[in-house]
Amino acid sequence: MSTPPRSAPLVMLGIESSCDDTAAAIVAASGDRGQILSSVVMGQSALHADFGGVVPEIAARAHAERVDLCVEQALEQAGMDLSDLSGIAVTAGPGLIGGVLSGVMCAKGIAAVTGLPLVGVNHLAGHALTPRLTDGLGFPYLMLLVSGGHCQFLIAGDAVTFTRLGGTIDDAPGEAFDKTAKLLGLPLPGGPSVEAEARKGDPARFAFPRPLLDREGCDMSFSGLKTALLRARDQLVASHGGTLTAQDRADLCAAFQDAVRDVLVAKSRRAIARYMALTPAEPAFAVAGGVAANGAIRAGLERLCAREGLRFLAPPLALCTDNAAMIAWAGIERLGRGLVDGLDLSARPRWPLDDQAAPLLGTGRRGAKA
Ligand code: KG4
Ligand code: ZN
């Protein structure tokens, strides 16, 4: 009796265009994880720099102009053509609708011409499944998704089942980092510039609030921090005759970053308690999203996990921020389960990962948070 031929590993094209990065990547399934064959990210920071934030119309136009080029480059860098692919995965939401549409239209065009399966991916699922792409992490794991538009604790039960334990009720931490940078005249995106300043600063100089720590549960709030920072900045400016010194700026950044870290660590402790009640065989806590690139925040979370006995995973920096490899991987997970979309796939500005959870309050600069 001959054994049936083993099916070839899935090779997926991923496309991402939900915010201000146009990206395409090729990922192949490799055992329990993914192998990134190429990953192209075309950022738009320069286009939005003069406006102090992402301008949806400018973002949409840039995505429309660049998405085809990104796909071509991703194929070229992987040494592949469309006939080598098993399918096309595309971010179908949540995000800025003009950008999401550019990616979805591009993916549909390729699917229509090649007949390859089309897989619509939730951008947040892309971030949340990244530790499986990089490390083959087993379910269930606890996830802190923390970016410019989102902040939530999720239990990833399987590749399509996510339970939200809590999240921000107003600003996302990345948004707070960006606003802090703007208030202090630092370049955007704010995260890396505030982190660099914070390294030179004294966090103890300002006592910024740690909001909602007195409230039960895993919900968080970051908008009060920004107000506290604004007040401290204005007092310094008034006392220094209209300017901030370099040390003032560094100290403000350090105090702000410590406050964000403390809130994330304290709420993570509560999320861990709820997750551990599931008695996972190999407890793991993973962090993803742009703010996971922050060294101080990562270190705080890592120490917490060491104390609580959980494995801690943080993806490499390039996979923390928006990219298409995570979308290709989430597509592999869906395609592997037979989850395929038709050419009527629609772009969704809102798309909660856990549609059983109560909607979060507040809207960020990227619209209402999922
Ligand atoms: O995940 P991401 O690329 O985009 C989405 O928001 O979906 O995250 C971008 C956000 C920005 O707000 C940026 O300021 C923040 O992540 N960020 C950081 C750092 N690097 C990027 N925040 C804190 N520290 C960093 N090193
Ligand atoms: Zn993102």
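Student: Hi! I'm looking at strand β6 (residues 141-146). How many of its residues are buried?
Tutor: Six of the six residues of β6 are buried, so the strand is largely enclosed by the rest of the structure. Keep in mind that we are looking at a predicted model.

Student: Ok, and which way do the side chains point from β6?
Tutor: They go two ways: Tyr 141, Met 143 and Leu 145 point one way, while Leu 142, Leu 144 and Val 146 point the other way. Residues on both sides are buried.

Student: Which way does β7 run against β6, parallel or antiparallel?
Tutor: Antiparallel, with six bridges joining β6 to β7, which covers residues 151-158. The two strands form a hairpin, and four residues sit between them.

Student: And what about β9, how does that pair with β6?
Tutor: Strand β9 (residues 284-288) pairs with β6 in the parallel sense, over four bridges.

Student: Can you give me one residue to click on? Which residues partner Leu 142?
Tutor: Sure. In β7, the bridge partner of Leu 142 is Ile 155. In β9, Leu 142 stands opposite Phe 285.

Student: Nice, found them. Switching topic: what holds the zinc ion (ligand 2)?
Tutor: Three residues coordinate the zinc ion: His 123 and His 127, each through NE2, and Asp 322 through OD. The distances run from 2.0 to 2.2 Å.

Student: How are those donor residues spaced in sequence?
Tutor: The pattern is H-x3-H-x194-D. Both histidines, His 123 and His 127, lie in helix α4 (residues 123-128), and they are four residues apart, about one turn of the helix.

Student: Are the two histidines buried or exposed?
Tutor: His 123 is buried, with a relative accessible area of 5%. His 127 also counts as buried, at 1% relative accessibility.

Student: Why is the arrangement around the zinc ion irregular?
Tutor: The four donor atoms subtend angles of 94 to 148 degrees. A tetrahedral arrangement needs all angles between 85 and 135 degrees, so the upper end of that range makes this one irregular.

Student: Got it. What about helices, how does the span of α9 compare with what it should be?
Tutor: Helix α9 covers residues 246-276, which is 31 residues. At 1.5 Å a residue it should span 45 Å, and its end C-alpha atoms are 44 Å apart, so the two agree.

Student: Is α9 enclosed or out in the open?
Tutor: Largely enclosed by the rest of the structure, because 22 of its 31 residues are buried.

Student: Which residue forms a salt bridge with Asp 251?
Tutor: Arg 205, with the closest N and O atoms 2.7 Å apart. This pair links distant parts of the chain: Asp 251 is in helix α9, whereas Arg 205 is in the loop between α7 (190-198) and α8 (223-239), 46 residues apart. Asp 251 counts as buried at 3% relative accessibility, and Arg 205 as partly exposed at 35%.

Student: How many salt bridges are there in the whole structure?
Tutor: A search finds 15. One of them joins the side chains of Glu 175 and Lys 179, at 3.8 Å from N to O. Both residues lie in helix α6 (residues 173-183), four residues apart, about one turn of the helix.

Student: And how accessible are Glu 175 and Lys 179?
Tutor: Glu 175 counts as buried, at 3% relative accessibility. Lys 179 is partly exposed, at 24%.

Student: Any other pair I should look at?
Tutor: Try Lys 200 and Glu 197, whose side chains meet in a salt bridge of 3.4 Å, N to O. Lys 200 counts as exposed at 53% relative accessibility, while Glu 197 counts as buried at 14%.

Student: Last thing, the big picture. How many helices and strands does the chain have?
Tutor: There are 12 helices and 12 strands. The radius of gyration is 21 Å, close to the 21 Å that the globule rule gives for 370 residues, so the chain is as compact as a globular protein of that length.

Student: What size of box do the C-alpha atoms fill, and how much of the chain is buried?
Tutor: The box is roughly 80 × 50 × 35 Å along the principal axes. Buried residues make up 54% of the 370 residues.

Notes:
Residues are numbered from 1 along each chain as its sequence is written. Chains are lettered from A and ligands numbered from 1 in the order in which they are written. This is a predicted model: local features need pLDDT of at least 70, side-chain atom pairs count only at pLDDT 80 or more; totals for chains, interfaces and linings use all residues. Side-chain values use heavy atoms; hydrogens and water are left out. Donors are N, O and S atoms within 2.8 Å of the metal (3.2 Å for Na, K and Ca); water is not among the atoms, so sites may look incomplete. Four donors count as tetrahedral if all angles lie between 85 and 135 degrees; four count as square planar and six as octahedral if opposite donors are over 155 degrees apart and all others between 65 and 115; anything else is irregular. Buried means under 20% relative accessible area, exposed over 50%, partly exposed in between (1.4 Å probe, protein chains only). The expected span of a helix is 1.5 Å times one less than its number of residues. Two strands pair if DSSP finds at least two bridges between them. A salt bridge is a side-chain nitrogen of Lys or Arg within 4 Å of a carboxyl oxygen of Asp or Glu. The radius of gyration is taken over C-alpha atoms; the globule rule is 2.2 Å times the number of residues to the power 0.38.
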